[in-house]
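User: Please take a close look at one single residue of your choice in this model, and then set it in the context of the rest of the chain. I would like a connected account, with the reasoning for each classification spelled out where a cut-off matters.

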Amino acid sequence: MFLGTSSYTWPFFARQAASQEDYSLFALQMLRHASVNKIRYCQFCDNLPPHKWTEDDRRHIKLVAEENDINIQVGTRGLTPGNMQRYLAIAAFFGSPFLR
């Protein structure tokens, strides 16, 4: 069994990030928390939407995750073809083995 965390684990902070439109900062905080606590899986979901991060932010988050041996998993909501295509690409970028 592996320990993991999710943006759903921290709803208050995810809402705060959304209100400030600073999603990537919270994602980095989640990665730091995971690293300190030896958690190897972080799931970013629609309450911390990776599609709203800049490409530079995505690259930086991926680099920090790799440096800390953390696997990123991606989740979304909305089964429209456009949303699924967008999130399949994001999941592939992060090396997520699945899209939730």
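**A close look at D69**

Analyst: D69 counts as exposed, because its relative accessibility of 53% is over the 50% that the term requires. The model is a predicted one, and every value discussed here is to be read as a computed property of that model. As for its place in the chain, D69 sits in the loop that runs between helix 3, residues 55–67, and strand 3, residues 71–74. The backbone of D69 is of interest too, since its phi is near 55°, which is a positive value in a residue other than glycine. As background to that angle, most residues other than glycine have a negative phi.

K38 provides another case to set beside D69. The phi of K38 is positive, at about 60°, although K38 is not a glycine. K38 belongs to the loop between helix 2, which covers residues 23–36, and strand 2, which covers residues 41–44. With a relative accessible area of 59%, K38 is classed as exposed, because exposure begins over 50%.

To see where these loops belong, it helps to look at the chain as a whole. Its secondary structure consists of four helices and three strands, and, when read along the sequence, these follow the pattern β-α-α-β-α-β-α. For 100 residues, a compact globule would have a radius of gyration near 13 Å, and the chain, at 12 Å, agrees with that expectation. The C-alpha trace spans about 35 × 30 × 25 Å along its principal axes. Of the 100 residues, 39% count as buried, and among the contacts between residues at least 6 apart in sequence, 66% join residues at least 24 apart. The accessible surface amounts to about 6100 Å², with 56% of it belonging to carbon and sulfur atoms. With regard to charge, the chain has 11 positive and 9 negative charges, whose mean positions lie 7 Å apart.

Two buried polar residues offer a contrast to the exposed loop positions. S6 lies in strand 1, residues 4–6, and its relative accessible area is 9%, so S6 is buried, the threshold being under 20%. A polar atom of the S6 side chain lies 3.0 Å from the backbone nitrogen of Y8. Once neighbours within four places in sequence are left aside, the residues in contact with S6 are M30, Q43 and C45. Q43 thus appears among the contacts of S6, and its number falls within strand 2, given as 41–44.

N83 is found in helix 4, which runs over residues 81–94. Its relative accessible area is 9%, and N83 is therefore buried. The side chain of N83 makes a polar contact of 3.1 Å with the side chain of T76. Apart from neighbours within four places in sequence, N83 is in contact with T76, R77 and G78. N83 can also be placed relative to W53, which is 30 residues away along the chain, their C-alpha atoms being separated by 15 Å.

A few further C-alpha separations help to fix the arrangement of the elements. P11 is found in helix 1, residues 11–20, and is partly exposed, with a relative accessible area of 37%. The C-alpha atom of P11 is 7.8 Å from that of N47, although the two residues are 36 apart along the chain. R32, in helix 2, counts as partly exposed at 49% relative accessibility, because this value does not pass the cut-off of 50% for exposed. Between the C-alpha atoms of R32 and E66, which are 34 residues apart along the chain, the separation is 12 Å. Finally, G95 belongs to the segment after helix 4 and counts as exposed at 52% relative accessibility. The C-alpha atom of G95 is separated by 18 Å from that of M30, 65 residues away along the chain.

To return to the starting point, D69 is an exposed residue in the loop between helix 3 and strand 3, with a positive phi near 55°.

Technical notes: Residues numbered from 1 in each chain as written. Predicted model: local features only at pLDDT ≥ 70, side-chain atom pairs only at ≥ 80, totals over all residues. Heavy atoms only, no water. Helix = DSSP H or I, 4+ residues; strand = E, 2+ residues; numbered from the N terminus. Buried < 20%, exposed > 50% of the residue type's maximum accessible area, 1.4 Å probe, protein only. Polar contact = N/O pair within 3.5 Å; in protein donor to acceptor, adjacent residues only side chain to side chain. Contact = heavy atoms within 4.5 Å. Rg over C-alpha atoms; globule rule 2.2 N^0.38 Å. Areas by Shrake-Rupley, 256 points an atom, 1.4 Å probe, with all protein chains shown as cover. Lys, Arg positive; Asp, Glu negative; His and termini not counted. Charge placed at Lys NZ, Arg CZ, Asp CG, Glu CD.
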